[in-house]
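Subject: The structure I promised you

Hi,

Here is the structure we talked about, so you can open it and read along. Take your time and turn it around on your screen as you go.

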Amino acid sequence: MNAIQKLQREVTSLLPTALSRLDVPRDPRGEWWIDFKYRDHNVSVQWSPERGFGVTVPSPKDEFGEGAHEIFGEYVQARNRVLKILQTGEVTSPPPEVALRELRSLAGVTQSELAQRLGIKQAAVSRLERRADLTVRSLERFVVALGGELEINVRTPEGHVVRLGGLVESKPSRAHCGHPLPAVAGDNDSLVPQIKPQLDSFVDWIHEISAQFRSTNFVKPQLRFRSQCVLASAQSSTNEIAIDPAATWTSVSKKFFRSAIVENAHARFVRACEFLIAHEAWHLYESSFTDEFRGAIGFANSELRADAFAGWSSAMRAEPNGPLFGAAMAGALGCHELDCRYPPPEERTLAYVRGFSLGESLLETWCSKSKSSSLQLLVLKSRDLERSRKFYSACGLELRTEKHGKGPRHYSSEVNGTVLELYPCPTNDAGSRVRLGLTVPCVSVVLDALAQEKLTRSPARIERAGCSFWIVEDPDGNVLELSEPIHLGARALRKANQCKDDATSQRSPETRVPGSKLSEPNPTCWNSAAAQLGRCC
Amino acid sequence: MPTATKAERIATFFERLQDAPAQESAASALELLRQTLNAVEDELTDIPYNPEHWQTDGRLYPPRDDAARSVDGYPQITRYRSRAHNAYVAANGAIEIRDDNDNVVLVKPAANGEGVWT
């Protein structure tokens, strides 16, 4: 018994009233057919040992010798699909590119005519018809330009049909333009070995710093060059940021990146790559960020959010030249073409500058916090946890129950920025009953001082939630967790030290963001970015 | 760019097949069927010819050899199954095409005037 005979047996066994007709070829290695009918639902299945299954709900009036609508390599998939069609009356559809072309043919409209109606080029219509992931908006424009009206109906498993409305916004849409991926270019492949360690380090940094704004863990992505050629575009997948050869360019981005390479190949190329990595990192991490952080980043469009995140990360690295380069780069990657999924240059530049402004604001806050040590955490171990809870509750603390991983259940409360935690203490635990979490401007300075005075033994370093902590004991045996406010990277630490020395922060006018209002980016930044964009492009 | 629908192309195919000279053998009848449909598709669509496509690409393809079936009681006739149609080609060169409901949609006698079943 071959696969299609098995299909016939199983389907008629599961649907005993289903009719089936097996059409056997003269050569058993040829194309077998089987036609099923169940209630008013028909489906034809073709099969050959070499090609697998093809499933089609027939509509005899305009068919002759066409291939199957849907193809399946696996028997189980084909069987399940056939059963579903027979039970629900679902219909098969040809691939989108075939359906769109046939739709246009039915309307008697050529690609050129349709291009004229849509205000795009004929090649864009051709690409549109070949796209498998057409948006609802693009589909609606396509249909409306053909004189039709788009309706989307959903058939429930029970057979109810529901019309979906309101999927398409009323604002004018834009046509697909085949916009290239964000890309950077170089003239030779000699830069890759040089910059790879730097960029790997950047990936480490952005993973670590963003962890503080993520509510869920995320495996650190790997940076991968798909080619040794420094002609690259960036893409992200589930756990990878890839630098890839770019096939197409807009004239603007080509000119921009060429100038970046020619003027200062190494440094600007690294910054361009950092922009792309940060941009793609947003796409990777987005769903794991806290609502608060996503809200601060803002923007309805994911590309703009990614640009804003790139600006934010640049500010958090205390980019010495401000947002100019990144803003210009964001603008160069924009697209004015209709229906391109990439936003226009001015929107991208604005998003980047806003993100930069957000980062600057946060950095300022951290810098000011890092000027002095502060008590972040106080852990008390209690032999009678419930009694202690009642005690501190009576003192007015709002204690909530927490449990981290495999650790014990405990209570936690925050008092003026300091977290107080009550942990259970085993009766045989002879150790300290107090644990302090102290944030210091620079752990290494503190550890050096403690070592010089011989006040503590060698510290142990632990990693938790993407942050480093150093564990030391005070002279009474109480445990201290030392940490820095945030890991900002070398440049940002220098800036933090600068903040310590000079609270007024001597920065150039174009990088200062008065008030650091996130919703109103500094107009000076905007103008400077626009000016740089003009120079470069 | 051509804009003919599938229904128009199938109608053109049947018309041209009907108007073509009658054939004297099964091989020449099958060749006529193939050449006629391929010519119609080349003229009226911009879909490239790729018979190896298992999934539809929107183009209509003539019967393949591996679609051949024997017809009980008629050893001189070969049936070619395709989506929604069956093409019967007889040894005398006659052609008959029926839809899935067994309605005859085209009858083309052989050069000797006989049909598929006579």
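Below is what I found, starting with how far to trust the model.

**Confidence**

Keep in mind that this is a predicted model. It scores ipTM 0.92 and pTM 0.44. Chain B averages a pLDDT of 91, and 97% of its residues score at least 70. For chain A the average is 73, with 71% of the residues at 70 or above. One stretch to be careful with is residues 169-189 of chain A, where the pLDDT is below 50, although the model gives this stretch 90 contacts beyond near neighbours in sequence. Another is residues 242-255 of chain A: pLDDT stays under 50 there too, and the model has 43 contacts for them beyond four places in sequence. Where pLDDT is low, the predicted coordinates should not be read in detail.

**Where the two chains meet**

How many residues does each chain bring to the contact? Chain A puts in 43 residues and chain B puts in 39 residues. Together they bury about 3600 Å², and carbon and sulfur atoms give 52% of that area. On the chain A side, A:Arg26, A:Arg51 and A:Phe64 lose the most area to chain B, together 25% of what that side buries.

There are also 21 residue pairs in polar contact across this interface, counting pairs with both residues at pLDDT 80 or more. Which parts of chain A touch chain B? Strands S1 (19-23), S2 (32-38), S3 (41-48), S4 (52-56) and S5 (70-72) of chain A, along with helix H3 (96-107), each supply at least two residues. The largest share, 6 residues, comes from H3(A). Sorted by type, the residues on this side of chain A are 15 nonpolar, 15 polar and 13 charged.

**Salt bridges**

The whole structure has 28 salt bridges over all chains, and the count between chain A and chain B is 7. Two are worth finding on your screen. In one, A:Asp23 pairs with B:Arg81, and their closest N and O atoms are 3.2 Å apart. In the other, A:Glu66 pairs with B:Arg83, with the closest N and O atoms 3.5 Å apart. This second pair runs from the loop between S4 and S5 of chain A, where A:Glu66 sits, to the loop between strand S2 (77-82) and strand S3 (85-90) of chain B, where B:Arg83 sits.

**Strands to look at**

In chain B, start with strand S4 (residues 95-99) and strand S5 (residues 104-108), which pair in the antiparallel sense over 4 bridges. Within that pairing, B:Ile97 has B:Leu106 as its bridge partner. S4(B) and S5(B) make a hairpin with 4 residues between them, and B:Asp102 in the turn has a positive phi of about 70°.

In chain A, go to strand S16 (residues 434-439), which is joined by 6 bridges to the antiparallel strand S12 (residues 374-382). Here A:Leu380 stands opposite A:Val434. S16(A) also pairs with strand S19 (residues 479-483) of chain A, this time in the parallel sense over 5 bridges. In that pairing A:Thr439 stands opposite A:Ser483.

Finally, look at A:Arg163 in strand S7 (residues 161-164) of chain A. A:Arg163 and A:Ile152 are 11 residues apart in sequence, and their C-alpha atoms are 5.8 Å apart in space. Besides A:Ile152, A:Arg163 is in contact with A:Glu149, A:Glu151 and A:Asn153, leaving aside neighbours within four places in sequence.

Cheers

Definitions and conventions. Residues numbered from 1 in each chain as written. Chains lettered and ligands numbered in written order. Predicted model: local features only at pLDDT ≥ 70, side-chain atom pairs only at ≥ 80, totals over all residues. Heavy atoms only, no water. Pairing = 2+ DSSP bridges. pLDDT = per-residue confidence, 0-100. Contact = heavy atoms within 4.5 Å. Buried area = accessible area lost by both parts, 1.4 Å probe. Salt bridge = Lys/Arg side-chain N within 4 Å of Asp/Glu carboxyl O. Polar contact = N/O pair within 3.5 Å; in protein donor to acceptor, adjacent residues only side chain to side chain. Nonpolar A, V, L, I, M, F, W, Y, C, P; charged D, E, K, R; others polar.
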